[in-house]
Amino acid sequence: SQRTLVLLKPDAVRRGLTGEIISRIERKAGWQITALELRTLERATLEQHYAEHLGKPFYEPLVEFMSSGPVVALIVEGERVIEGVRQLAGPTDPIAAAPGSIRGDYGVIVRENLIHASDSEESAEREVKIFFPGRG
Ligand code: GTP
Ligand code: MG
């Protein structure tokens with residue numbers, strides 16, 4: 001089985017959508033939430049997390065947005081959970097995301113797209129260490 005690092009972004013917390021999003025993850029058979037914390041992220045944490053996007057035009061606004069309020073960080077474990085949570089989330093751009101997906105149902109613009117989920121086993125292990133160093 002796999003684990004993945006999920007962030008419910010500041011827009012999800014501000015809009016009161018964390019319960020709704022967590023429900024969608026939680027009711028999936030065979031998946032378990034094994035860590036969950038509400039936390040305001042330090043810039044240094046975000047720089048680590050988004051290192052691959054350094055230098056891109058959306059990088060600064062993204063880091064700014066992600067530190068604009070608390071996020072909910074989770075570890076979710078289970079069968080094919082990396083692919084599965086990204087499937088629940090839908091594509092990065094909410095306009096391209098189908099109804100029924102989290103971003104398709106609630107997303108507004110590409111930066112404020114409610115949820116982050118690791119995109120590979122390598123990313124998941126890297127990101128779990130950043131947000132939950134004790135779970136490395
Ligand atoms: P995450 O799960 O958050 O990593 O999203 P993703 O994997 O679907 O997208 P990616 O890793 O490519 O980008 C990380 C985040 O940067 C996205 O979730 C968006 O919030 C933001 N982002 C990505 N591409 C763009 C873009 O072209 N414009 C803007 N404004 N933001 C972007
Ligand atoms: Mg990504």
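**Exercise 1. Find how β1 is paired within the sheet.**

Solution. Begin with β1 and β4, which are joined by three bridges and run antiparallel; helices (H or I, at least four residues) and strands (E, at least two) are DSSP runs, numbered from the N terminus, and two strands pair if DSSP finds at least two bridges between them. This is a predicted model, in which local features need pLDDT of at least 70 and side-chain atom pairs count only at pLDDT 80 or more, while totals for chains, interfaces and linings use all residues. Residues are numbered from 1 along each chain as its sequence is written, and chains are lettered from A and ligands numbered from 1 in the order in which they are written.

Next, look at a single pair: the bridge partner of Val6 in β4 is Ala117. Then turn to β3, which pairs with β1 in the antiparallel sense over seven bridges, and where Gly78 is the bridge partner of Gln2.

Last, ask how far β1 is enclosed. Six of the seven residues of β1 are buried, so this strand is largely enclosed by the rest of the structure; a residue is buried if 20 or more other C-beta atoms lie within 10 Å of its own, exposed if 12 or fewer, and partly exposed in between, with C-beta atoms placed from the backbone.

**Exercise 2. Work out the order of the strands, and find which helices pack on the sheet.**

Solution. Four strands form an open sheet in the order β2-β3-β1-β4, with antiparallel pairing. The edge strands are β2 (31–39) and β4, each of which pairs on one side only. On average, neighbouring strands of this sheet are turned by 20 degrees against each other, direction ignored.

For the pair not yet treated, β2 and β3 run antiparallel and are joined by eight bridges, and Ile33 stands opposite Val76 in β3.

Now add the helices. The helix α5 packs on the sheet and touches β1, β2, β3 and β4, its direction making about 30 degrees with that of β1; α7 also packs on the sheet, touching β1 and β3, and its direction makes about 60 degrees with that of β1. For these statements, two residues are in contact if their C-beta atoms, placed from the backbone, lie within 7 Å, and axes are lines fitted to C-alpha atoms, for helices over the stretch in contact, with angles that run from 0 to 180 degrees between N-to-C directions.

**Exercise 3. Describe the largest nonpolar core and name the elements that supply it.**

Solution. A nonpolar core is a set of buried Ala, Val, Leu, Ile, Met, Phe, Trp, Tyr and Cys residues joined through C-beta atoms within 7 Å. The largest one has 28 residues, of which Val6, Leu8, Ile21, Val76, Val85, Leu114 and Ile115 touch the most other members. At least two residues of this core come from each of β1, α2 (18–26), β3 (71–78), α5 (81–89), α6, β4 and α7 (121–131), and β3 gives the most, with six residues.

As a check on one member, leave aside residues up to four places away in sequence: Leu8 then touches Val13, Thr18, Ile21, Val71, Val72, Leu114 and Ile115.

**Exercise 4. Decide which side of α2 is buried.**

Solution. The buried residues of α2 are Thr18, Ile21 and Ile25. They cover an arc of only 75 degrees around the axis, which puts them on the same side of α2; the arc is that of the directions from the helix axis to the C-beta atoms. The face turned away from this buried side carries the exposed residues Gly19 and Ser23.

**Exercise 5. Place the annotated residues Lys9 and His116 in the fold.**

Solution. Start from the record: the unreviewed UniProt entry lists His116 for "active site", and its "binding site" annotation covers several residues, including Lys9 and Asn113. UniProt positions are given in the numbering used here, feature names are shortened, and annotations may be inferred rather than shown by experiment.

His116 lies in strand β4 and is buried, with 22 other C-beta atoms within 10 Å. Lys9 is found in the loop between β1 (2–8) and α1 (10–14), and Lys9 is buried too, with 25 other C-beta atoms within 10 Å.

Finally, compare their contacts, not counting residues up to four places away in sequence: His116 touches Val6, Leu7 and Lys9, and Lys9 is in contact with Met66, Val71, Leu114, Ile115 and His116.
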